[in-house]
Amino acid sequence: MEGVQDQCVTKELNTLLTALYVLVDDHVVPARVGRGRRPELSDSELITLAVAQVLQRFPSERRWVRHIRADREWWAMFPDMLTQSDYHKR
């Protein structure tokens with residue numbers, strides 16, 4: 001049962017990831033300027049996802065992406081989630 005609880009989005013984790021996203025977006029990642037198509041997921045979202053992957057103890061990017069796509073709570077946080085190959089490229 002403990003493993004299932006570790007995999008869920010708790011209010012505390014949601015708050016932490018939201019705060020991390022705001023911090024990274026405001027102070028770490030420079031704003032994209034110039035021409036070209038904007039990526040589906042911002043750099044700030046990718047950094048937040050990478051931190052969440054570590055916090056949730058997913059060693060495999062493939063499993064992590066599959067988990068986000070399968071779980072409604074995670075999908076609600078990252079509705080524009082990339083496919084595994086696109087996630088790995090970024």
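Helices here are DSSP runs of H or I, at least four residues long, numbered from the N terminus. The model is predicted.

**Stop 1: Val28.** Select Val28, which lies in helix α2. Val28 is exposed, with a relative accessible area of 54%. Now add Ser44, 16 residues away along the chain. The C-alpha atoms of Val28 and Ser44 are 8.4 Å apart.

**Stop 2: the core.** Next, select Leu41, Leu49, Trp64, Ile68, Trp74, Met81 and Tyr87. These belong to the largest nonpolar core, which has 16 residues, and they touch the most other members. Colour α2 (11-28), α3 (43-55) and α4 (61-70): each supplies at least two residues of this core. In soluble globular proteins, nonpolar side chains tend to be buried together.

**Stop 3: α3 against α4.** Keep α3 and α4 on screen. Their axes are 11 Å apart, and the helices pack at an angle of about 105 degrees. That angle falls within 65 to 115 degrees, so α3 and α4 are roughly perpendicular to each other. Show side chains at the contact: Leu49, Ala52 and Gln53 from α3, and Glu61, Trp64 and Ile68 from α4. By class, this contact has four nonpolar residues, one polar and one charged. Leu49, Trp64 and Ile68 should look familiar from the core selection.

**Stop 4: His67.** Stay on helix α4 and select His67. Is His67 buried or exposed? His67 counts as buried, because its relative accessibility is 16% and the cut-off is under 20%. Finish by adding Trp74, one of the core residues picked earlier. The side chains of His67 and Trp74 are joined by a polar contact of 3.4 Å.

Note on methods. Residues are numbered from 1 along each chain as its sequence is written. This is a predicted model: local features need pLDDT of at least 70, side-chain atom pairs count only at pLDDT 80 or more; totals for chains, interfaces and linings use all residues. Side-chain values use heavy atoms; hydrogens and water are left out. A nonpolar core is a set of buried Ala, Val, Leu, Ile, Met, Phe, Trp, Tyr and Cys residues joined through side-chain atoms within 4.5 Å. Buried means under 20% relative accessible area, exposed over 50%, partly exposed in between (1.4 Å probe, protein chains only). Axes are lines fitted to C-alpha atoms, for helices over the stretch in contact, and angles run from 0 to 180 degrees between N-to-C directions. Angles under 35 degrees count as roughly parallel, over 145 as roughly antiparallel, 65 to 115 as roughly perpendicular and the rest as oblique. Contact means heavy atoms within 4.5 Å. Ala, Val, Leu, Ile, Met, Phe, Trp, Tyr, Cys and Pro count as nonpolar, Asp, Glu, Lys and Arg as charged, and the others, Gly among them, as polar. A polar contact is a pair of N or O atoms within 3.5 Å; within protein, one must be able to donate a hydrogen and the other to accept it, and residues adjacent in sequence count only if both atoms are side-chain atoms.
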